[in-house]
Amino acid sequence: MNKTIILNSRPVGKPQLSDFKFVEEEMPALKEGEILLKTKFVSVDPYLRGRMSDAKSYVPPFELQKAMSSGVVAEVLESQNEKFKKGDFVSGMLNWKEFQTSIGENLLKIDDKIAPLSNYLGVLGMTGLTAYFGLTEIGKPQKGETLVVSGAAGAVGSIVGQIGKILGCRVIGIAGTDEKVEMLKSKFGFDEAINYKTTENMTKAIAEVCPDGVDVYFDNVGGTISDSVHANINRLGRIIVCGAISAYNDTSVPQGPRVEHFLIRKSALMQGFIVGNYADKFPEGMKHLSQWLSEGKLIYSETIVEGFENIPQAFIDLFEGKNKGKMIVKI
Ligand code: NDP
């Protein structure tokens, strides 16, 4: 039998294990033109929370009682498709199933000799490309500028900060534990880092570590953390709105201090984006990321949880900050 994880109910507030259900199905039969895939690694990502709600967004919501899906690395077990052979590894958007068939559309062949397979869900996948394009296309950081990154110890943030260092910026990270703060400085080379959970006055703390103000803010979290960075933004500063995880479980749109006067007074730019906007430039992003990785200029970190049955918990744990770097489930 084949194990599948389906969306059992739409979460209200923080997702619960009961929002997911494990079901067993017959093993899929292979048809002409298809490949049979065995799941090896599953990516759990904060944006999946949005897809669990019945709300219009840039990707359609998951359907109730249907399989969940996300970025997956899988092995080709059998092939009736000339583009793939048994033993190939692929990555792409696939279902949370132990085994599944595919016609191979939108699947990328990946090579475990170039990088460990899980990297294709992180630094060489969606989160690495998000970091690269958000920072370079919207932030346009210049040598000597100050870059602040929220969610800094996560999959996107840890790469953003390191790219900032490669491009010659002074980099400050914001994260939720002392261990993460230490890791940002000692492992990823951030110049300073702040624990937002133990710092009473974040606006003051940011002003102290950014004596020349903030030129570029890469925002992964939104909410009060961002309010305190906005208050320190420099003239012609750039605010890259990548994510707002602090609000993903809110049941109404949270109100906060208004950002307009900071933007006007400082002639600052604030722009949201989704990584797919840059799909035609992905090869360029991959080239830089893989080169920096092979040169040791980018350090990649992941939290690997083992076992298909632990996918829902690993996803829920993102909202508790249990991951350092990219959260991945190994099957
Ligand atoms: P992470 O690896 O950063 O994991 C989530 C982290 O968010 C946790 O580890 C936790 O770290 C932090 N967090 C959780 N709850 C809160 C909260 N209430 N306030 C502040 N921080 C919180 O995830 P990703 O790197 O994959 O994603 C980062 C952000 O980027 C997300 O918002 C995601 O939706 C967004 N994103 C956007 C994309 C786009 O195309 N625009 C593409 C990919 C991701 P801590 O311990 O520090 O609290």
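This note sets out points on side-chain contacts, helix packing and backbone geometry in a predicted model.

1. Salt bridges in general. Side chains of opposite charge can pair when their charged atoms come close. In this predicted model the number of such salt bridges is 15. Three of these pairs are described in the points below, together with one network.

2. The pair E34 and K31. A salt bridge joins the side chains of E34 and K31, with a distance of 4.0 Å from N to O. The two partners differ in their surroundings: E34 has a relative accessibility of 11% and is therefore buried, the cut-off being under 20%. K31, by contrast, is exposed because its relative accessibility is 55%, and the class begins over 50%.

3. The pair D88 and K109. These two residues also form a salt bridge, and their closest N and O atoms are 3.7 Å apart. The contact connects distant parts of the chain, with the two positions 21 residues apart in sequence: D88 belongs to the loop between β4 (69–79) and β5 (89–95), while K109 belongs to strand β7 (residues 108–110). D88 is buried, at a relative accessible area of 9%. K109 is partly exposed, at 47%.

4. A network around D88 and K109. The salt bridge of the previous point does not stand alone, since K85, D88 and K109 are linked in a network of salt bridges. K109 has a further contact of another kind: K109 lies over the face of F84, 5.7 Å from the centre of the ring. A reader inspecting this region may therefore wish to view K85, D88 and K109 together, as members of one network.

5. The pair D317 and K322. Here the side chains meet in a salt bridge with an N to O distance of 3.6 Å. D317 has a relative accessible area of 12% and is buried, whereas K322 has one of 54% and is exposed.

6. Aromatic pairs and the contact of F22 with F308. A pair of aromatic rings is described by the distance of the centres and the angle of the planes. The model contains ten aromatic pairs. In one of them, the ring centres of F22 and F308 are 6.3 Å apart and the planes stand at 75 degrees; the pair is edge-to-face because that class applies to angles over 60. The two residues lie in distant parts of the chain, 286 residues apart: F22 is in strand β2 (residues 20–25), and F308 is in the loop between β14 (302–306) and α9 (311–317). F22 is partly exposed, with a relative accessible area of 42%, but F308 is buried, with a relative accessibility of 3%.

7. The contact of Y132 with W292. Another aromatic pair is formed by Y132 and W292, with 6.1 Å from centre to centre and 50 degrees between the planes, an arrangement classed as tilted. This pair, too, links distant parts of the chain: Y132 sits in helix α2 (residues 126–139) and W292 in helix α8 (residues 282–294), 160 residues apart. Both residues are buried. They also belong to a cluster linked by ring pairs, whose members are Y132, F133, F218, F273, Y278, F282 and W292.

8. A charge over a ring at F62. R51 lies over the face of F62, and its distance from the ring centre is 4.1 Å.

9. Packing of α2 and α3. Two packed helices are described by the angle between their axes and the distance between the axes. The axes of α2 and helix α3 (residues 155–166) come within 8 Å of each other and cross at roughly 45 degrees. The two helices are therefore oblique to each other. Their crossing is right-handed.

10. Backbone at L236 and S267. Which residues other than glycine have a positive phi? L236 has a positive phi of about 60 degrees although it is not a glycine; this residue is in strand β12 (residues 233–241) and is partly exposed, with a relative accessible area of 47%. S267 likewise has a positive phi, near 50 degrees. S267 is found in the loop between α7 (260–266) and β13 (269–272), and it is partly exposed, with a relative accessible area of 37%.

11. The position of G222. This glycine lies in the loop between β11 (214–219) and α6 (223–230). G222 is buried, at a relative accessibility of 9%. From G222 to E192 the separation is 30 residues in sequence and 20 Å in space, C-alpha to C-alpha.

Note on methods: Residues are numbered from 1 along each chain as its sequence is written. This is a predicted model: local features need pLDDT of at least 70, side-chain atom pairs count only at pLDDT 80 or more; totals for chains, interfaces and linings use all residues. Side-chain values use heavy atoms; hydrogens and water are left out. Buried means under 20% relative accessible area, exposed over 50%, partly exposed in between (1.4 Å probe, protein chains only). Helices (H or I, at least four residues) and strands (E, at least two) are DSSP runs, numbered from the N terminus. Rings of Phe, Tyr and Trp (its six-membered ring) pair if their centres lie within 6.5 Å; planes under 30 degrees apart count as stacked, over 60 as edge-to-face and the rest as tilted. A charge sits over a ring if NZ of Lys or CZ of Arg is within 6 Å of the ring centre and within 35 degrees of the ring normal. Axes are lines fitted to C-alpha atoms, for helices over the stretch in contact, and angles run from 0 to 180 degrees between N-to-C directions. Angles under 35 degrees count as roughly parallel, over 145 as roughly antiparallel, 65 to 115 as roughly perpendicular and the rest as oblique. A crossing is left-handed if the near helix is turned anticlockwise from the far one by less than a right angle, and right-handed if clockwise.
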